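Notebook open, model loaded. I want to look up some helix packing and how far to trust the prediction.

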2 protein chains.
Amino acid sequence: MQTPTDVQAAPRAARRLDHRPGGSRELVELEDARRWLEARTPPLAAEWIPAAEAVGRVLAAPPSPPRLASPGNALAAMDGYAIRSHDTDGAAEGSPIRLPLQRAPGPLAPRAAALVAAGAQLPAGADAVLPFHGAELAADELTITLAIPEQAGVLRHDRELKAFEAIAGTARPLRPLDVALLSALGAGPLEAIRRPRVRLVVAGPKSAAGVPDALDSDGPMLRALLLRDGGLIGNRITGAEDRAALAAALGAVDQADVILVAGRSGTGPDDDAPRALADVGELAIHGIGLRPGGTAGLGMVGGTPVVLLPGEPLACIAAYELVAGPLVRRLGGRDPALPHRTVTAEVARPIGSTRDLVEWCNVALRDGKVEPCAEAEDLSLAGAIRADGFVIVPAGCAAHANGARVTVHLFD
Amino acid sequence: MQTPTDVQAAPRAARRLDHRPGGSRELVELEDARRWLEARTPPLAAEWIPAAEAVGRVLAAPPSPPRLASPGNALAAMDGYAIRSHDTDGAAEGSPIRLPLQRAPGPLAPRAAALVAAGAQLPAGADAVLPFHGAELAADELTITLAIPEQAGVLRHDRELKAFEAIAGTARPLRPLDVALLSALGAGPLEAIRRPRVRLVVAGPKSAAGVPDALDSDGPMLRALLLRDGGLIGNRITGAEDRAALAAALGAVDQADVILVAGRSGTGPDDDAPRALADVGELAIHGIGLRPGGTAGLGMVGGTPVVLLPGEPLACIAAYELVAGPLVRRLGGRDPALPHRTVTAEVARPIGSTRDLVEWCNVALRDGKVEPCAEAEDLSLAGAIRADGFVIVPAGCAAHANGARVTVHLFD
């Protein structure tokens, strides 16, 4: 239970915080808050992972050069029969050429053909792959009706290597296609940037009269957003009910790279998260020039960065997407920018209302133009549900005016 | 080991298959193949899931009406003090009003205020929430400097209900925002469409000469695509090496809603997947008018649909995205259409090369226009890696001509 003594013992930063209109002088600018975090959070180290598990991961170092790179290793680009191309010279529908099928492994015997699978090494002596439709097989003899040029059906080193190098040099998370190519080229384990391990602390129900059972709306939402951003939720602590429980959750010893606390970040008498952080570590920033989400805070426990997120769901989303999300994405080697699909559209009605704060505005797209939602003023989750997306209005800009072209981040 | 007798015993559909240029007469049209699947795969049943785990799930029935709907249940929209609004009439910076803080639960005493958390039920008697910045708390007494209108800070039923109804009526997978709102409204368990359970069978290395260790490029890729589409990979069987092993994998008894087999779908002598399917179930369609991916097949084992996918990675992707993916997405209640981000762009160089087949063409975006990749002709995975996306050219259309506007599905 909160007492007035606790309130007075709160750190100065928290006491100076003032969210009244015009009272934003004490807030830290969003860009400064992000820079503060960046200066304290070097990129994570690499780890070895199997190529097969690399979808969504960011490479820390180029993979070992593929087997392709050694000139003797020609690989089949398709299923078929490994042959010497000159053995098929002149083959056609009316003038078939017959070759025996070699079942034994090892080098290709003179004037023979051997089954080969896409991705497999050609037997020594073969220089092309005859596709199945170019021959009929009967009693281990092929009747070939298609002349095959040299290197047909063989993985072309230049093309495969260009694709390999494009993947090896990329800074984006690997896609299913990339992993398929690395696997096809026989990539061994890969050095990938570690996934950031996140300790997610969700504050419990407040010590207020009339509170029904806990409604944890932030936990499921944050889990989904953290997964999207490549985070690994290692230690999840829900229902931390008071300053002592929050301090214990913040001070827990684990391998976390980031600690997120959802709820109790505000300036009310039972907003214990900033005080709990100051108890066990450092509360460096409390109050960020962001609307909604302005009660977010930053600090450290030991060497681990902590982001305090507001409990109100839309404020929680805004502070996650603009403060915590960039940290998680950057730690894991991803682009820290917002990951939403975007469209660029012309403003039909002014978007934004304050000059001093970075504003998150829920917007609707109508007839290809963008306008604030009817509910924009109250900045609620309910308003966001029915919006198409959001627009960020930077500090120093009161509103995006009619006719301006803005980037809409889509909610989907 | 494959013998010529096995080849001759293959089902008629497979023997008629012909992939030579101009030989597509026997192929089943992609649309007919999809209709065949649709007719045999009713949507999955619903299951109860906790609201907190519902991100990405599709509702099978509207959730129970929220607690909000009963008029007596006013909920706080924000953290603050529950009050009677008329008790703050006239409060201002120069003329504060004092109210005692009620710590006890239960109805709000006359001329009192009680702490309340966002989402919590207001105590009986309260009709508004005073934000923390509108009062100073000392010795359990509030000094209030802000007049609060009736219903301020209270969840407005119309708005919340509109958002709730928008979610309840939606056919798309729930987003983090949706789950946060349902949780905030106290939603209990939800009835969601079951996630389709997929048995993924990856054919092992072929019995060809010179094959090195197995290169499973399709397995990791298909796992990632299945996860994207909401599939649950329940039983994964890799390295099925021959007809008997594939038949055993196809005939396995489990709870699968879909069976995918990757590899060995072609017309070569060791392409055992179609024969194995005919051995234990029905091979209904083999050979689809799709390029690449034309060796895909469809059938049933017991009541479970089976999709045979080519082993060559790009053909495997194409057949997955256009045949298996729509099935998985539809079974789970999702939109069967391709889920990629798209852009619409003007064609700068003709895209496509055949009239009879649905073609998957890797394309590049240059200066806002779309053109086939240099590698488009060989339709390899390496070509796809360096492409920006793909364009589908429908059957009946040889090519998208210069100046046409086409939809590009982006690889990312």
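I count a contact as heavy atoms within 4.5 Å. Helices (H or I, at least four residues) and strands (E, at least two) are DSSP runs, numbered from the N terminus. This is a predicted model, where local features need pLDDT of at least 70, side-chain atom pairs count only at pLDDT 80 or more, and totals for chains, interfaces and linings use all residues. Residues are numbered from 1 along each chain as its sequence is written, and side-chain values use heavy atoms, with hydrogens and water left out.

Entry 1, H7 and H8. I looked up who touches whom: Arg243(A), Leu246(A), Ala247(A), Leu250(A) and Gly251(A) of H7(A) meet a set in H8(A) that includes Ala276(A), Leu277(A) and Val280(A). I get 7 nonpolar, 1 polar and 3 charged residues in this contact (Ala, Val, Leu, Ile, Met, Phe, Trp, Tyr, Cys and Pro are nonpolar, Asp, Glu, Lys and Arg charged, the others, Gly among them, polar).

Entry 2, H6. I find 9 of the 11 residues of H6(A) (218-228) buried, so the helix is largely enclosed by the rest of the structure; buried means under 20% relative accessible area (1.4 Å probe, protein chains only). Among the buried ones are Met221(A), Leu222(A) and Arg223(A). Their packing partners include strand E10 (232-240) of chain A and helix H5 (176-184) of chain B. After H6(A) I noted Gly230(A), with a positive phi near 85 degrees.

Entry 3, confidence. Chain A has a mean pLDDT (the predictor's confidence in each residue, from 0 to 100) of 86. Over residues 1-25 of chain A the pLDDT is below 50. Where pLDDT is low, the predicted coordinates should not be read in detail.

Definitions and conventions:
Chains are lettered from A and ligands numbered from 1 in the order in which they are written. Buried means under 20% relative accessible area, exposed over 50%, partly exposed in between (1.4 Å probe, protein chains only).
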